[in-house]
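Here is a short note on the model, set out as numbered points. It goes through the sheets, the chain contacts and the overall build in turn.

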Amino acid sequence: MYLDVTALGIKEMLAYRTEFFARLVGALINLAVLWFVWNAVFAASGLAVISGFSLSAMITYLVVSSCIGPLINSGFEYEIEWDVRTGRLSTILTKPVSYPIFRIFKGFSNTIFTLITNVLPIFLISILLINISLPVNFLAFLISVVLGYFVNYFMVFLTGMWAFWSTGSVWGLSLSRRMISDVMSGALIPLYFFPTWFADIARLLPFQTVFHIPLSIYLGKIVGIDIFYLFVQQVIWLVILGFLSYFVWKIAERKVIVHGG
Amino acid sequence: MFKLWKQLVKMNIKRWMEYRADFFIGIFAIFLTNVISIVFFWVIFQHIPVLNGWRFEQILFLVGLSYLSFGIWHTFLTGVSPHRLERYIVNGDFDRMLLVPFNPLLLLIMGDIDDDGFGDLIAGILVLGYASNALSIVWTLQNIILLTLTVIGAVLIIFSVVLLFATATFWIIRSAMLSEILYPLMRFTEFPLDIYNPFIIFLLTFVLPFGFINYYPAQFFLGKGLWMYAAYLTPIVGLIAFVISYSAWKYGIKNYTSTGS
Amino acid sequence: MSEVVIEAKNLGKEFKSLKRESAVKDLFSRTYKKVKALKNVNLKVERGEFVGIIGPNGAGKSTLIKILTGILTPSSGYAKVLDLIPYEKRKENARNIGVVFGWRSQLWWDLMVKDSYELLKHLYKIPESRFKENLETFSSILDIDKYLKKPVRKLSLGERVRCDLAASLFHDPPILFLDEPTIGLDVVAKQQIRDFLTKINRERKVTIIITTHDMGDIEELCKRILIVDKGKKIFDGLIDDIKKKFGTERVLIVDFQDPVEKNKLKWKGVKVLDTEENRAFLGINTKKASVSEIIKKILSKWSIYDISIEEPKVEEIIRKIYREGL
C-alpha cells in the first residue's frame, strides 16, 4: 500500500520533468565551475597530491558529491510544511497510515525520480567527458549511501517538524541546516583538507555520515574492516535520529489533534 | 510616487516584525551561505599561497564586492523574478497589476522587499571592510565614487539579467525552472574570472556580463592586471543591460496582452 | 441623448490554444488550434446604464471584459472606453475604471484592509479629503468598518468582495466592471452587494457592466442584458422586452381535493407539465389561451384547495435562448 504512495509520487513528478531537467543543467554548471576552481588550485599548488587527493581523485569526489546531493536534498521538508499549512495533514491523519512512514515512501518517489533524471546523467556525462574513476568497492559504497540517505532523511524530517511550531516558514532553518551540513559533511570540501581539530569535531557529528563516509569508501580511502566501523557510525546516528524524529513527530501529532493544527 | 514607496516600506517592516523569528533566521541563513564560501577559500588557502595570482585577502575583496551588490539586488529588487512572475500570472495577480495606473515593473519591485538580502549586505560590508583593511586600500574620494558607481552598475547588471529571465515567463509560463539555471550561473562570480577558459571569460564579459559585477572592478581597486580599466565600464554595461532587458520586458507585456493567459 | 461611454465595433479575438496530445508527442512538436473567443461583437453603452452580460462558460464574457479593461488586445475591430482605446492607453484608461474580479482580489493578501486602501490612495493619487469621504460612505453602506483592521487573508469571501468593491471606487471612476462578483456568496452578502451597486448606479450615475451567472443579479440590477454565446452577441436588449417576447408561458399550480385524471385537463394551449398526487402543474401558452379562462374552467369542474400562477423565470427564458437561439 505504501508503495502506491511512491508510484503516485513518481507520476506527480512527471509533470515537473522540465524543472528536473533544468536542475540537471544547473548541477552541471555548478560542477563546471568547481572543475575550473580545483584545476586552478592544483595548478597553484604545484603538487600532484594535496591532502591525499590527486586532481582526478578530487574531480571524482566532486562529481560523486554532486550525485549524492540531489538524491538527499529532495526538499520534502517543504512538503511537510505544505501539508501543515494547507491542512492536508489532517486529511492524511484520518487515514490508516503513519505519517512518517508515508513521508518516507513519498520521499522514495523523489529519490527514484531524481536518480533517473539527475544523478545518472551527471554520473554518465562525467565518466564520458572527464574520466572520473569508478568506486573501489561498489557494494560497500552503495550500503553507505543508503545508510547516509536515511540519516539525512531524519535530519530533514526534524527540520520539517519546525513547521508545526513556527508561524513563518521552514525555509530559513532548512537553508541553515544545509549550509552547516555542506561544510561539516565534507560536501563542500573533503574533511581531509580541513585542519585536524576541525575534522575531528566534524567526525563526531551526523553530517559526515552522509557525504564523508560514502565518498571515502568510494575513493578507497577506507578499506577492509574499517568500513564496518563506518557502517556502525552511520547506524548509530540513524537510530538516534530515527528515535528523535519519531519522538518529535508524536508531540507534533498530539499538537495537531488537540489544537486542530 | 515616493509616498507609495514609503508606504510599502512601512508595510514590509510591519510584515517582518510580525514574523520576527523568520526575519532573523532568514538573514542568518543567507549570511551563512556567504560564510560557507569564505570557509571554502580559507581551507583552500591553507594549502596554497596564491590562487592564479590572487591572494586570500584579494579573493575576499572580490567576493565581498559581489556580496554587496547581490545584497542590494536581493533586498530591493527580487520582486522581479521568474518564479514570482509565474505565480502572479497564474493566479491572476498580474492582470490586477495591469489594471492599476502604474508601471507594473515598479509595482513588482516595490511589492516585495526581501529582508533575507540583509544577510548578503552584512556579509558584503564585513568582508569588503576586512579585505580593504588587510590590503591597505586607501578610500580616496575618487575611489569611493567609483565604488558607488560600480555597485550601482553591478546591481543593474544583476537586475537586468534576472529581468530578462523573468520576461521569458510571458512565453514559457513555467519559467520557475529558469531560476534553476540562473542561480548556478551566478556562481561564476564567486571566483576570479581568470581561472576559467577563454570561451567562458568571453561569455561572462560580453554575453552575460557577470564579470563586470566584481571581477573587473576588483582588478581596478587591487591594482592588478591589464583589465583594470574595464572597471570603468561597469556602470555603462549596467545601463546597456538594463535598456536591453527593459525593452524585452515591454515587448513581453505586449505579447502577454495579446495572447491572454 | 446620453453620451456613449463604451463602444465596441466588430470586436473579434482569436486565441491560439495548444492541442494537447500524448505526453510523448508534446515533447517533440506543438500543434495549435485557433479558437475564436469573440466574433464581430458590436456594443454601445451610455452613461449611467446598468448592463448585465450573461452566457455559458467559455462564451467570451471574460474575454470581452478583459478587452474593455485594457488587459487584452483584440484581433480585429476596436473598443473605446470614454474615448480612449483601453488596450493602447492602459494607464489612462485605468484611472477611469473600477474593476472587481470575483475570483481575484485587488487587495494585498498579508496586509490589513485599511493598509491596502492607503496604498490604492497613493497609486491613484486620490486627494486625502475625497478618500476619507468615500471611505466613510462605503464603510457604512457596505458595513465594512469592522474589517478595516483585519488582514485580507482572514476575511470570508463575502467580506472580501465587499472590501474589494469599496476599493474599486475610491478614485471615483465613472465606469465599473464586475466579473462574477457574487459567485460563491451567501444570500445576505449578495443582497448587500446588490443594494450597494444599485445605489451607486442611481446616485453617482456610475455606469456598471456586470458579468454573472446569477439570475438574481440580473433580475434585480440590470435593465439591459447582453447574452453572449460562442463568442457572439446573440441578444442585446431590455429585460422587459425579453419577458414580453419570450415570457409567454405561465405555470399554473393547482392543488385538487381529489386526484384528477390527466386527460381531463386537456385544453387548447395547455400542457400538463407534471402531476404529484393531488397537485398538477399546467403550462399555459398565453398566446393561445387565457389564464383566467383556464382557471374558470377548472373551478367549474373540480373543487380545489389552492391555485397559484408562476411567471417564467428569466433564467428559464435564457436557457431556452441558449438552447434554441432566437
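1. Two strands count as paired if DSSP finds at least two bridges between them. In this predicted model, four strands of chain C meet that condition in an open sheet, with the order β11-β12-β10-β13 and antiparallel pairing. β11 (270-276) and β13 (304-310) of chain C are at the edges with a single partner strand each, so each has one side without a neighbour in the sheet. From one strand to the next, the twist averages 20°.

2. Within that sheet, β10 (residues 249-256) of chain C pairs with β13(C) in the antiparallel sense, over six bridges. To find the register, take Leu252(C): its bridge partner in β13(C) is Ile309(C).

3. Ile309(C) can also be placed relative to a helix residue. Glu220(C) lies in helix α8 (residues 215-221) of chain C. The C-alpha atoms of Glu220(C) and Ile309(C) are 21 Å apart in space, and the two residues are 89 apart in sequence. Is Glu220(C) buried or exposed? Neither label fits: a residue is buried with 20 or more other C-beta atoms within 10 Å of its own and exposed with 12 or fewer, and Glu220(C) has 15, so it is partly exposed.

4. Chain C has a further open sheet, made of six strands in the order β5-β6-β7-β3-β8-β9, and its pairing is mixed. β5 and β9 (232-238) of chain C are the edge strands, each pairing on one side only. On average, neighbouring strands here are turned by 15° against each other, direction ignored.

5. At the β5 edge of this sheet, β5(C) pairs with β6 (residues 175-179) of chain C in the parallel sense, over five bridges. Phe101(C) stands opposite Asp179(C) of β6(C). Helix α2(C) packs on the sheet and touches β3 (50-54), β5, β6, β7 (207-211) and β8 (224-229) of chain C. The direction of α2(C) makes about 150° with that of β6(C).

6. How is chain C divided into domains? The domain assignment gives domain 1 (4-244) and domain 2 (248-310). Taken over C-alpha atoms, the centres of domain 1 and domain 2 of chain C are separated by 44 Å.

7. Chain C is in contact with chain B through 24 residues of chain C and 19 residues of chain B. On the chain C side, the elements that give two or more residues are α2 (61-69), α3 (90-96), β5 (97-101) and α4 (113-123). The largest share, five residues, comes from α4(C). By class, the chain C side has 12 nonpolar, four polar and eight charged residues.

8. Which chains share the most contacts? Two pairs of chains are in contact, and of these it is chains A and B that share the most. That contact takes 33 residues from chain A and 33 residues from chain B. On the chain A side, α2 (17-45) and α8 (171-184) of chain A each supply at least two residues. α2(A) gives the most, with 15 residues. The chain A side divides into 19 nonpolar, 11 polar and three charged residues.

9. Chain A and chain C do not touch. Their nearest C-alpha atoms are 10 Å apart.

10. Chain A itself has 11 helices and two strands. Along the sequence, the elements follow the pattern α-α-β-β-α-α-α-α-α-α-α-α-α. The radius of gyration of chain A is 19 Å, close to the 18 Å given by the globule rule for 261 residues, so chain A is as compact as a globular protein of that length. Along its principal axes, the C-alpha trace of chain A spans about 65 × 40 × 35 Å.

11. Two further values describe the inside of chain A. Buried residues make up 44% of its 261 residues. Of the contacts in chain A with a separation of 6 or more, 81% are between residues 24 or more positions apart.

Methods: Residues numbered from 1 in each chain as written. Chains lettered and ligands numbered in written order. Predicted model: local features only at pLDDT ≥ 70, side-chain atom pairs only at ≥ 80, totals over all residues. Contact = placed C-beta atoms within 7 Å. Nonpolar A, V, L, I, M, F, W, Y, C, P; charged D, E, K, R; others polar. Rg over C-alpha atoms; globule rule 2.2 N^0.38 Å. Domains from an automatic or database assignment. Axes fitted to C-alpha atoms, helices over the stretch in contact; angles between N-to-C directions.
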